[in-house]
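Please look at the sequence and the structure below before you begin. The exercises that follow each set a task and then work through a solution step by step.

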Amino acid sequence: MPHRTTAPRLAAPVAVLALALTACGGGDDDSGADAKGGATTQASPSPSQPASGGDMAQGESASGKVAEASGEVTYDVLAQKVEVGTEAEAAKAVADAADAKGKVLATAHIKYTHQGGPALTEGSDVHDGTTVFADGQRGGVLIGAAEDAPGCEDPYDVESWKQGESHVFCETYVIPAGATSVEVHWSEEDGEPYVWKFPQK
């Protein structure tokens with residue numbers, strides 16, 4: 001899996017909204033409905049924990065494997081919180097304010113803990129499996145958003161990562177203003193997403 005380039009971060013102080021809204025993309029859109037079946041009586045090898053993916057309680061971490069450059073690494077993943085901004089902040093953050101009309105920024109804080117596998121020396125791809133949804137629709141990626149905002153680390157600055165160590169990376173998406181529910185999705189490659197829900201008032 002290729003590493004994301006650092007170029008957007010260095011290109012300009014104003015971020016660019018990537019309107020890659022995959023409303024019908026992959027298994028992510030179906031995950032919310034499918035994952036709610038955890039309380040039903042299904043024949044499952046481990047009914048308390050889905051094999052891959054499912055709804056997660058706040059404060060509950062998921063476990064998954066990622067193929068890194070140095071080998072397969074097992075991570076514990078925890079969506080800690082989502083900070084939702086204002087329309088004015090979104091307008092200032094994008095190159096064309098018209099792209100942000102009726103939208104706000106949603107920044108997800110995700111804690112990743114290296115649980116098993118080789119130490120990393122070239123960065124990590126674990127954050128590539130993270131997306132943000134609002135009211136069932138995938139948000140728009142804000143390319144070039146500050147990845148080292150307060151409480152966040154820049155994943156490209158992490159060059160050494162050993163077992164037992166944790167890092168908090170953030171992902172910023174543009175979502176509709178007034179969304180009643182924001183979700184953080186994280187999945188292994190080709191796996192079903194784990195979903196943390198953050199209701200909005």
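Here are three exercises on this structure, which is a predicted model.

**Exercise 1. Describe how the protein is built overall: how many helices and strands are there, and in what order do the elements run?**

Solution. Begin by counting the elements, which gives three helices and 11 strands in the protein. Next, follow the chain from the N terminus on, and the elements appear in the order α-β-α-β-β-β-α-β-β-β-β-β-β-β. Then turn to the contacts between residues at least 6 apart in sequence, of which 73% join residues at least 24 apart. Finally, consider the surface and the interior: the accessible surface comes to about 10,400 Å², with 52% of that area belonging to carbon and sulfur atoms, while buried residues make up 41% of the 201 residues.

**Exercise 2. Work out why the ring pair of Tyr112 and Phe169 counts as tilted, and which parts of the chain the pair ties together.**

Solution. As a starting point, a search of the whole structure finds four aromatic pairs. In the pair of Tyr112 and Phe169, the ring centres are 5.6 Å apart and the planes stand at 40°, so the pair is tilted, because planes under 30 degrees apart would count as stacked and those over 60 as edge-to-face. The next step is to place the two residues in the chain: Tyr112 lies in strand 5 (residues 103–116) and Phe169 in strand 9 (residues 166–176), so the pair ties together parts that are 57 residues apart in sequence. Now check the accessibility, where buried means under 20% relative accessible area: Tyr112, at 0%, is buried, and Phe169, at 1%, is buried as well. Phe169 also forms an aromatic pair with Trp161, and this one is edge-to-face, with 5.8 Å from centre to centre and 85° between the planes. Trp161 is itself buried, with a relative accessible area of 1%. To finish, put the rings together: ring pairs link Tyr75, Tyr112, Trp161 and Phe169 into a cluster.

**Exercise 3. Decide whether Thr113 is buried or exposed, and find which residue's side chain makes a polar contact with the side chain of Thr113.**

Solution. First locate the residue, since Thr113 lies in strand 5. Its relative accessible area is 14%, and Thr113 is therefore buried. For the second part, look at the side chain of Thr113, which makes a polar contact of 2.6 Å with the side chain of Ser166. As a last step, leaving out residues up to four places away in sequence, list what Thr113 touches: Thr74, Tyr75, Asp76, Gly164, Glu165 and Ser166.

How values were computed:
Residues are numbered from 1 along each chain as its sequence is written. This is a predicted model: local features need pLDDT of at least 70, side-chain atom pairs count only at pLDDT 80 or more; totals for chains, interfaces and linings use all residues. Side-chain values use heavy atoms; hydrogens and water are left out. Helices (H or I, at least four residues) and strands (E, at least two) are DSSP runs, numbered from the N terminus. Buried means under 20% relative accessible area, exposed over 50%, partly exposed in between (1.4 Å probe, protein chains only). Contact means heavy atoms within 4.5 Å. Accessible areas come from the Shrake-Rupley method with a 1.4 Å probe; for residues, only the protein chains shown count as cover. Rings of Phe, Tyr and Trp (its six-membered ring) pair if their centres lie within 6.5 Å; planes under 30 degrees apart count as stacked, over 60 as edge-to-face and the rest as tilted. A polar contact is a pair of N or O atoms within 3.5 Å; within protein, one must be able to donate a hydrogen and the other to accept it, and residues adjacent in sequence count only if both atoms are side-chain atoms.
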